[in-house]
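Reader: Could you take me on a close walk through one part of this protein? I would love to hear how the pieces there fit together.

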Amino acid sequence: MKHAPLLAFALVALAAGCASTPPLRYTVPESPVAGPRLPSAFATVALREVALPAYAASDEIHIRTADGALAPAPAVLWADDPARAITADLARYLGRMTGATVAAEPWPFFERAAATLEVRVSDMLAEADGRFRLSGQYFVAPEQGRRGRSGSFAITTRIAPGGGPAAIAAARGEALRDLAALIAREGLR
């Protein structure tokens with residue numbers, strides 16, 4: 001039954017696709033942030049729009065099939081533009097975790113940010129085995145006085161069995177929260 005989450009997802013998508021109604025849209029619920037605050041070396045951080053691969057930047061929710069193909073789920077879409085939503089979620093998580101002022105570019109303040117963060121995602125999708133995968137690189141460029149930092153990430157979260165697209169959305173939220181914690185610990189300290 002390890003394919004149960006994706007089977008349920010496919011059945012919901014198939015049922016929705018048979019009707020002539022508009023596709024269902026899914027938001028990403030906020031994942032709770034727990035643990036002590038992770039101090040940041042930067043009081044302010046400008047976050048560039050997160051770069052996504054073409055399939056992840058579309059409104060379609062993609063899954064990797066058992067044969068390895070990336071397939072959009074029929075009749076279900078993300079509720080918001082993925083790049084904009086992921087950038088906003090990442091900024092919010094980083095701000096809560098570090099206490100720093102983190103905002104997406106264009107930077108909304110008159111004074112420049114102490115550092116600029118760029119995130120490039122290479123993979124972001126639901127896997128056939130019930131995991132959500134998020135991988136790529138991040139780059140932290142201080143405005144002055146410190147050396148830049150970079151790192152790679154490969155985060156997997158579990159998709160709740162039988163949860164369909166809502167479970168994929170929740171897993172994406174957990175993966176972004178985990179990415180924010182990794183960047184706060186390794187890139188902003």
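Author: Happily! In this predicted model, β3 and β4 make a hairpin, with 5 residues lying between the two strands. Within that turn sits Gly-68, whose phi is positive, at about 95 degrees. The two arms of the hairpin, β3 (residues 60-64) and β4, run antiparallel and are joined by 4 bridges. If you would like one pair to find on screen, try Ile-63, whose bridge partner in β4 is Ala-71.

Now turn to the other neighbor of β4. Strand β1 (residues 24-26) runs parallel to β4, and 3 bridges join them. Here Tyr-26 has Trp-78 of β4 as its bridge partner. Also in β1 is Arg-25, and its C-alpha is 8.6 Å from that of Ala-75, although 50 residues separate Arg-25 and Ala-75 in sequence. Is Arg-25 buried or exposed? The answer falls in between: its relative accessible area is 47%, so Arg-25 is partly exposed.

Follow β4 (70-78) onward and you come to the loop between this strand and α3 (82-98), which is where Asp-81 has its place. Asp-81 has a relative accessibility of 35%, and therefore counts as partly exposed. Which residues gather with Asp-81 in a patch of negative charge on the surface? They are Glu-49, Asp-59 and Glu-60. Glu-60 takes us back to the hairpin, since β3 covers residues 60-64.

Conventions: Residues numbered from 1 in each chain as written. Predicted model: local features only at pLDDT ≥ 70, side-chain atom pairs only at ≥ 80, totals over all residues. Heavy atoms only, no water. Patch = residues over 30% accessible without salt bridge, like charges linked within 9 Å, V, L, I, M, F, W, Y side chains within 5 Å. Areas by Shrake-Rupley, 256 points an atom, 1.4 Å probe, with all protein chains shown as cover. Salt bridge = Lys/Arg side-chain N within 4 Å of Asp/Glu carboxyl O. Lys, Arg positive; Asp, Glu negative; His and termini not counted. Charge placed at Lys NZ, Arg CZ, Asp CG, Glu CD. Buried < 20%, exposed > 50% of the residue type's maximum accessible area, 1.4 Å probe, protein only. Pairing = 2+ DSSP bridges.
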